[in-house]
Amino acid sequence: MTSHTEAAHDHPAAVSGGAAAAASVVVLASGDPGFFGIVRVLAERFGAGALDVRPGAPSVAVAFARIGLPWDDAVVVSAHGRDIRTAVNVCRAHAKTAVLTGPGAGPAELGAALMRAGARRTLVVASALGSPGGESVERLSPAQAAARDWPGTVSVVLCLDEDRALSPGLRTIAGLPGSPGQWALPEAEFEHRDSLITKYEVRALALARLGPRAGDLVWDLGAGSGSVAVECARLGAAAVAVEKTADGVARIRANAAAHGVDVQAVHGTVPDALDQLPEPDAVFIGGGGGELPAIVAECGRRARRSVVVTLAALDRVPAVRAALADAGLIPDGVLLQSSRLAPLPGGVTRLAATNPVFVLWGTRPTGIAVEGAPT
């Protein structure tokens, strides 16, 4: 018997050979075979109507039952036969995650990645669920999990932010939280200094080109208030905000807490701080000085999907476009100018112009991978 339903994929012989000619074939898998399990393969091969599925209790449900927590608000992600970076990013971004493990993507690897990211999480490693007298449910820190050799009987790993593991109120839709009611929030929604914040019109376009989603990691460089990182986290992505000032780092943390999201705030300068960061799916760069083309080039080499740059100086546009192209990205961009409605005495309205901003972006061509990108 396999440790959880998805591991049944490791036994293709059970659904091939003479199975089609037999009057009936029995495929045994633990838990619910329709949950990341063998039912998908069988239905594709024989048709759903030919199947008689008798599910057991999924390992995720059993694991949460063992620790007394509801799981309608948990995000379930599979690392079985997949790149573990997606599971790591989901764990970083969400308060309650269940990870279906596999060879090379178990508690040790998950713990090591979370430890490197500085994520404050508790791992619950559930092993041999359903085995009479043989079950094991352990709570560990990421560092403790990384230091252990784990047996092949691990059923599921729960990753919890203990402060937010029991969300208040009743839920209507299970799993991933829905998209926020709005994004590109007004600047007043964020603590910031001297108007040093990406304006909401610019942020709206940047978010559209970054495309943050669950399982992604987004860098926000020169983050200032961290408004872009916070918005990416609200849309389900893991986010890292790099800021050179200590008071800026404090504001980023305060803004993340105010919006109920988890953003890793890194106190450091760019590009020096980038060496210790895992590879991003997308990068936002909020302007920069003379080093900007070099920073864009490095981010372009490491980003899996896109890089977005905002800047005010016309003179820097050609160099940034060239850096995006040299990194293998397809460059594009706009000059964004907007005028906001502003009240005047007497109940009338005027247009108040905001500063024009260049928004440049580079997108990696479909099917082109980033070579040698570690998790």
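Where is the place of Pro271 in relation to strand S8 and S9? In this predicted model, Pro271 sits in the loop that runs between strand S8 (263-267) and S9, and the peptide bond leading into this proline from Val270 is cis, with omega near 15°.

Before other local features are read, the confidence of the prediction deserves attention. The mean pLDDT of the protein is 89, and 92% of the residues score at least 70. Among the elements, S6 has the highest mean pLDDT, at 98, whereas helix H1 (residues 39-46) has the lowest, at 92. Over residues 1-21, by contrast, the pLDDT is below 50, although this stretch has 52 contacts in the model beyond near neighbours in sequence.

The interior can be approached through its nonpolar cores. In soluble globular proteins, nonpolar side chains tend to be buried together. Here the largest nonpolar core comprises 30 residues, and those with the most contacts inside it are Trp219, Leu221, Ile285, Cys299 and Val307. At least two residues of this core come from each of strand S6 (217-221), strand S7 (238-243), strand S9 (282-286), helix H9 (292-302), strand S10 (306-311), helix H10 (317-326) and strand S14 (357-363), and H9 gives the most, with five residues. The surroundings of Val307 can be followed residue by residue: leaving aside neighbours within four places in sequence, Val307 is in contact with Val283, Ile285, Cys299, Gly300, Leu324, Leu329, Leu360, Trp361 and Gly362. Separate from this core is a second one of 21 residues, which includes Ile84, Cys91, Ala108 and Leu114.

Polar side chains are also found in buried positions, and Ser78 offers one case. Ser78 belongs to strand S1 (residues 75-78), and this serine counts as buried because its relative accessible area is 7%, which is under the 20% cut-off. The side chain of Ser78 reaches the backbone nitrogen of His80 at 3.3 Å, and a polar contact of 2.9 Å links the side chain of Ser78 to that of Arg82.

Thr122 offers another case. This threonine lies in strand S3 (residues 122-127) and, with a relative accessible area of 16%, is buried. The side chains of Thr122 and Glu162 are joined by a polar contact of 3.2 Å. Once residues up to four places away in sequence are set aside, Thr122 touches Arg139, Leu140, Leu158, Cys159, Leu160 and Glu162, so that Glu162 appears both as a polar partner and in this list of touching residues.

Two further positions call for a look at the backbone. Phe36, found in the segment before H1, has a positive phi of about 55° although it is not a glycine. Ala184, in the loop between strand S5 (154-160) and helix H6 (200-210), likewise is not a glycine and has a positive phi of about 55°. Are these two residues buried or exposed? Phe36 is partly exposed, with a relative accessible area of 30%, while Ala184, at 14% relative accessibility, counts as buried. The two assignments follow from the cut-offs, because a residue under 20% is buried and one between 20% and 50% is partly exposed.

Definitions and conventions
Residues numbered from 1 in each chain as written. Predicted model: local features only at pLDDT ≥ 70, side-chain atom pairs only at ≥ 80, totals over all residues. Heavy atoms only, no water. Core = buried A, V, L, I, M, F, W, Y, C linked by side-chain atoms within 4.5 Å. Buried < 20%, exposed > 50% of the residue type's maximum accessible area, 1.4 Å probe, protein only. Helix = DSSP H or I, 4+ residues; strand = E, 2+ residues; numbered from the N terminus. Contact = heavy atoms within 4.5 Å. pLDDT = per-residue confidence, 0-100. Polar contact = N/O pair within 3.5 Å; in protein donor to acceptor, adjacent residues only side chain to side chain.
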